[in-house]
Amino acid sequence: MSKPTPLSGFPEWLPAQRMIEQNVVEKIRTTFELYGFAPLETRAVEPMEQLLRKGETSKEVYTLRRLQEDAEAREDAALGLHFDLTVPFARFVLENSGKLQFPFRRYQIQKVWRGERPQEGRYREFLQADIDVVDRDSLPFHYDTEMPLVVGDALRSLPIPPVTIQINNRKVCEGFYRGLGLEDPDEVLRIIDKLDKIGPQKVSDALVQQGASAAQAEACLQLAQISASDLSFVEQVRKLGVQNELLDEGLEELARVVEAGTEHAPGLIRAELKIARGLDYYTGTVYETQLEGYERHGSICSGGRYDNLASTGSERFPGVGISIGVTRLLGLMFGRDALTASRSVPTAVLIALPNEDDRARCDRAARSLRSRGISTEVAPAAAKFGKQIRFAERRGIPFVWFLGADGEPDSVKDIRSGEQVNADATTWEAPAEDVKPLFSAP
RNA sequence: GUGGUCGUAGCUCAGCUGGUAGAGCACCGGGUUGUGGUCCCGGGGGCCGCGGGUUCAAGUCCCGUCGAUCACCCCA
């Protein structure tokens, strides 16, 4: 059997990177819980009809079937892996609405799968950290203002470059387009979304192609080019002179999100009237997040308001949510060596083994250190101390422990400084910064 | 899913118009009878991503495939 090769789009990290991922997830989780979001995990698989309920994303869904399965059952292709965490959550709410208290806020940190062509920062299997709030019948708008603040806190707790959460509101766009007399707001939105990639001239051409007049296209471009970190965007939109009720409503909402950002997290939020978001279940606020220095790789955290995603005949559960693309974030950072671990193992202390006969003594010392939370391993084999120190060095283990010769005290060496001092395994404490690996930008 | 570029030791790469593989770093051993990182000496490693084809001969040309990456699509 020849050497296995990677599977495109299914990343696997090395232990040092996995430690970083775990640490990142832990920090995100802590922030989510600080805001009172309750943990939830849904199954990886959903019925296809659920997955396709909103949005034409069928081609991205991986379907599930047993290897041995009769042809007729196969035709149903009844199950698929979820491609985000919002749709399964909506299903879960409908299914369990009787057992939940509303407004219901929960977080989910899980793998999702999409059958897209992979490239840097884009994968087929990746981890999302998602928060949502849903309520019965109607959901107060202030939750729309809270979402970016939560992920802002989470992202700012990580050793990564600054982020900017860009906000828009579909009501603004749709209202504006309708106010202009354009009939197909979704199509306009789709075109406007490409502004950064193809430039204003081509966007304008495309709009005219779709039946817009030159003046209408120009107005759409004017709107899309509005960007502000404060409320000044309202005035800028007004100046364009379009009158529409939905537009007014959207502006009011967007203003509230920006206002909350200004108050609670200066520099985090920016009204960016060109962002659209692909998923078509969003009905109001939409979020997209840029990581400074990695803008061209797309948003690392997105979401929005969905008023109609979770509804049955009689019941309706509007929601708002946002999701951090953990794998994208990490993949981009790893790709530039911009996030590293101080060691490749959790171990803080390596106990040198002078002779195989001393293993029991070493194990005793190890147990003593572990009992006080110090991650410890005993050297794999008796060898020259130089080799054992090198074993530790290769892995970034900061301390090597030496048993004292009979009657002598043990000693511990900081192999970074070379300093070695007498120590007692029942009382010695590692410096606080060395107990766990550190994760940082180099 | 469509198209482009790339794929040589663990890593970074060299290998001219086809003539059966090299460097630096890393790794292992010795100098250093057991406390490393310097220095010196020596060593192991590559079906040249994989499969097929053209040719007397292919790392070098052609096709396919897998992987990486870029653009489109879409999106975390």
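**Entry 1: strand β5**

I began with strand β5, residues 104–113, and found that nine of its 10 residues are buried, so the strand is largely enclosed by the rest of the structure. I note at the outset that this is a predicted model.

I then asked which strands pair with β5. Strand β1, residues 38–39, runs parallel to β5 and is joined to it by two bridges. P39 is the residue that stands opposite Y107 in β5. I also looked up the pairing of β5 with β6, which is antiparallel and comprises 10 bridges. Within that pairing, F104 has V134 in β6 as its bridge partner.

**Entry 2: from β6 to β11**

I followed V134 onward and found that its bridge partner in β12 is G319. Strands β6 and β12 run antiparallel and are joined by seven bridges. I checked the burial of β12, residues 316–325, and recorded nine of its 10 residues as buried, so that strand is mostly covered.

I next examined β11, residues 301–311, which pairs with β12 in the antiparallel sense over eight bridges. A310 stands opposite F317 in β12. The connection from β11 to β12 is a hairpin through four residues.

**Entry 3: the whole sheet**

In what order do the strands of the open sheet lie? I read the order as β1-β5-β6-β12-β11-β10-β7-β9-β8, an open sheet of nine strands with mixed pairing. The edges are held by β1 and β8 (227–228); each has a single partner strand, so one side of each is left without a neighbour in the sheet.

I looked at one further pair in this sheet. Strand β7, residues 163–169, and strand β10, residues 285–291, run antiparallel with seven bridges between them. Here V163 stands opposite L291 in β10.

**Entry 4: nonpolar cores**

I turned to the nonpolar cores. The largest has 80 residues, and F32, Y177 and I324 have the most contacts inside it. Helix α5, residues 142–156, gives the most to this core, with seven residues. Apart from this core lies another, of 28 residues, and I noted V345, I374, F391 and W401 among them.

I then listed the surroundings of F32. Leaving aside neighbours within four places in sequence, F32 is in contact with F37, Y107, A129, D130, I131, V150, V151 and I324. Y107 in that list is the β5 residue that P39 stands opposite. I324 also recurs, as one of the residues with the most contacts inside the largest core.

**Entry 5: the second largest pocket**

Which residues line the second largest pocket? I recorded P11, E12, W13, R18, E21, K111, E125, F126, L127 and T327. The space in this pocket is about 150 Å³. By class, I found four nonpolar, one polar and five charged residues in the lining.

I asked which elements supply the lining. Helix α1 (15–34) and strand β6 (125–134) each supply at least two residues. Of the elements, β6 gives the most, with three residues.

**Entry 6: helix α9**

I examined helix α9, residues 214–224, and found Q216, A217, A219, C220, L221, L223 and A224 buried. The buried residues of α9 pack against α6 (170–180), α7 (185–192), α8 (195–209) and α10 (232–239).

Is E218 of the same helix buried, partly exposed or exposed? E218 lies in α9. At 39% relative accessibility, E218 counts as partly exposed, because that class runs between the 20% limit for buried and the 50% limit for exposed. I also checked E218 against A441, which is 223 residues away along the chain; their C-alpha atoms are separated by 43 Å.

**Entry 7: the chain as a whole**

I closed with the totals for chain A, which has 15 helices and 19 strands. The C-alpha trace spans about 90 × 60 × 45 Å along its principal axes. Of the 442 residues in chain A, buried residues make up 50%. Lastly, I looked at contacts with a separation of 6 or more: residues 24 or more positions apart account for 70% of these.

Note on methods. Residues are numbered from 1 along each chain as its sequence is written. Chains are lettered from A and ligands numbered from 1 in the order in which they are written. This is a predicted model: local features need pLDDT of at least 70, side-chain atom pairs count only at pLDDT 80 or more; totals for chains, interfaces and linings use all residues. Side-chain values use heavy atoms; hydrogens and water are left out. A nonpolar core is a set of buried Ala, Val, Leu, Ile, Met, Phe, Trp, Tyr and Cys residues joined through side-chain atoms within 4.5 Å. Buried means under 20% relative accessible area, exposed over 50%, partly exposed in between (1.4 Å probe, protein chains only). Contact means heavy atoms within 4.5 Å. On a 1 Å grid over the protein atoms alone, a cavity is a set of points where a 1.4 Å probe fits but cannot get out, and a pocket is an open set with protein on both sides within 12 Å along at least five of seven lines; lining residues have an atom within 4 Å of a point. Grid points are joined across faces, edges and corners, and a volume is the space filled by probe spheres set on the points. Ala, Val, Leu, Ile, Met, Phe, Trp, Tyr, Cys and Pro count as nonpolar, Asp, Glu, Lys and Arg as charged, and the others, Gly among them, as polar. Two strands pair if DSSP finds at least two bridges between them.
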